[in-house]
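Got the model open in your viewer? Let's walk through it one selection at a time.

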Amino acid sequence: MAIEERKAEESLKQRVYRTLRARIMSGAVSPGLPITINGVAADLGVSAMPVREALHRLVADGALEYLDNRRVRVPEMTLSKFEEIIAARTALETLAARRALPHIDTARLKHLHAIDSQIDEAYAADNLLRSTELNFLFHRTLYEPGASGVLLDLIESVWLRLGPFMRLATAKLEESYRIDRHAEALNAIGSNDMQGLVQAIEADIQDGVGHLGRHFLRDEVPSSPQGNI
């Protein structure tokens with residue numbers, strides 16, 4: 001195979017993987033929804049080969065599980081697994097916030113304010129997928145200055161497992177999220193308040209997806225509407 005063809009093939013594999021990964025992370029696919037290789041290939045307009053490889057990688061990432069040799073799905077969530085994920089997210093993201101604060105400059109703080117405004121707009125427009133994507137972007141933008149690739153990769157691996165429940169939290173956010181934790185975090189950054197920032201990040205996780213995810217799992221409410229990958 002020519003070098004150019006090999007590069008193009010690798011680029012396609014990465015594009016398919018990143019597209020599917022982003023859709024799962026944003027909650028576009030509900031737990032238990034079967035995903036087929038041919039269905040994804042048709043949706044993305046590619047052959048089955050890069051889709052098969054992407055799905056294998058996402059199974060290894062813990063984002064998907066096998067049903068049979070041609071189908072996978074987002075795993076069903078259990079309360080014990082959910083609590084473990086929330087604990088991991090809290091530990092990793094409070095660490096990332098501590099490391100990031102000394103390196104957040106005026107330009108990044110302004111960018112964080114802009115993303116937070118976009119989250120409010122997406123939520124007001126009832127665009128739950130977009131608000132979930134923007135929420136992850138807000139957190140990543142906050143953590144990037146002090147985080148190595150290792151820490152960000154660990155955080156994103158947790159987000160990948162939590163995506164479908166982020167949509168649930170966003171759909172009923174007003175039930176538990178009565179204080180704007182992002183605003184608290186931004187105010188803490190502006191005043192260089194380390195403890196305030198850490199507390200805001202922890203409360204953001206616990207008051208949003210943490211609270212509503214526990215309520216959802218304990219009451220065994222039916223899953224949110226299934227989406228297409």
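Start by selecting Thr-132 together with Leu-128: a polar atom of the Thr-132 side chain sits 2.9 Å from the backbone oxygen of Leu-128. That counts as a polar contact, meaning a pair of N or O atoms within 3.5 Å, where within protein one must be able to donate a hydrogen and the other to accept it, and residues adjacent in sequence count only if both atoms are side-chain atoms. Thr-132 belongs to helix α6 and is buried, with a relative accessible area of 0%. Here buried means under 20% relative accessible area, exposed over 50%, and partly exposed in between, using a 1.4 Å probe and protein chains only.

A quick word on what you are looking at. This is a predicted model, in which local features need pLDDT of at least 70 and side-chain atom pairs count only at pLDDT 80 or more, while totals for chains, interfaces and linings use all residues. Residues are numbered from 1 along each chain as its sequence is written, and side-chain values use heavy atoms, with hydrogens and water left out.

**Zoom out to the whole chain**

Color by secondary structure and you get nine helices and three strands. Helices (H or I, at least four residues) and strands (E, at least two) are DSSP runs, numbered from the N terminus. Going along the sequence, the pattern reads α-β-α-α-β-β-α-α-α-α-α-α. Of the 229 residues in the chain, 47% are buried.

**Select the strands**

The three strands make an open sheet in the order β1-β3-β2, with antiparallel pairing. β1 (34-36) and β2 (65-66) are at the edges with a single partner strand each, so one side of each has no neighbour in the sheet. Two strands pair if DSSP finds at least two bridges between them. Now pick β2 and strand β3 (residues 71-73), which pair in the antiparallel sense over two bridges. Click Glu-65 and look across to β3 for its bridge partner, Arg-73.

**Helices α2 and α3**

Next, select Gly-39 in helix α2 (residues 37-44). Gly-39 is partly exposed, with a relative accessible area of 39%. Draw a distance from its C-alpha atom to that of Val-51, 12 residues apart along the chain, and you should read 9.6 Å.

Val-51 takes you to α3, where the buried residues are Pro-50, Val-51, Ala-54, Leu-55, Leu-58 and Val-59. Try the end-to-end distance too: at 1.5 Å a residue, the 14 residues of helix α3 (residues 48-61) should span 20 Å, and the end C-alpha atoms are indeed 20 Å apart. (The expected span is 1.5 Å times one less than the number of residues.) Just after α3, stop at Gly-62, which has a positive phi of about 90°.

**Into the largest cavity**

Keep Gly-62 selected and add Ala-63, Val-74, Pro-75, Glu-76, Met-77, Lys-81, Leu-160, Arg-161, Pro-164 and Phe-165: these line the largest cavity. On a 1 Å grid over the protein atoms alone, a cavity is a set of points where a 1.4 Å probe fits but cannot get out, a pocket is an open set with protein on both sides within 12 Å along at least five of seven lines, and lining residues have an atom within 4 Å of a point. The volume of the largest cavity is about 80 Å³. Helix α7 (residues 149-171) gives the most to that lining, with four residues.

**The second largest pocket**

Now select Arg-18, Arg-21, Ala-22, Met-25, Ser-26, Glu-133, Phe-136, Leu-137, Arg-140, Glu-156 and Trp-159, the lining of the second largest pocket. α1 (3-25), α6 (128-143) and α7 are the elements that give two or more residues to this lining. The space inside is about 270 Å³, a volume being the space filled by probe spheres set on the points, with grid points joined across faces, edges and corners.

**Last stops**

Move to Arg-89 in helix α4 (residues 79-100). Arg-89 is buried, with a relative accessible area of 2%, and its side chain makes a polar contact of 2.4 Å with that of Glu-93.

Finish in two loops. Asp-126, between α5 (106-124) and α6, has a positive phi near 60° without being a glycine, and is exposed at 59% relative accessibility. Asn-192, between α8 (181-190) and α9 (194-219), is not a glycine either, yet has a positive phi of about 55°; Asn-192 is exposed, with a relative accessible area of 54%.
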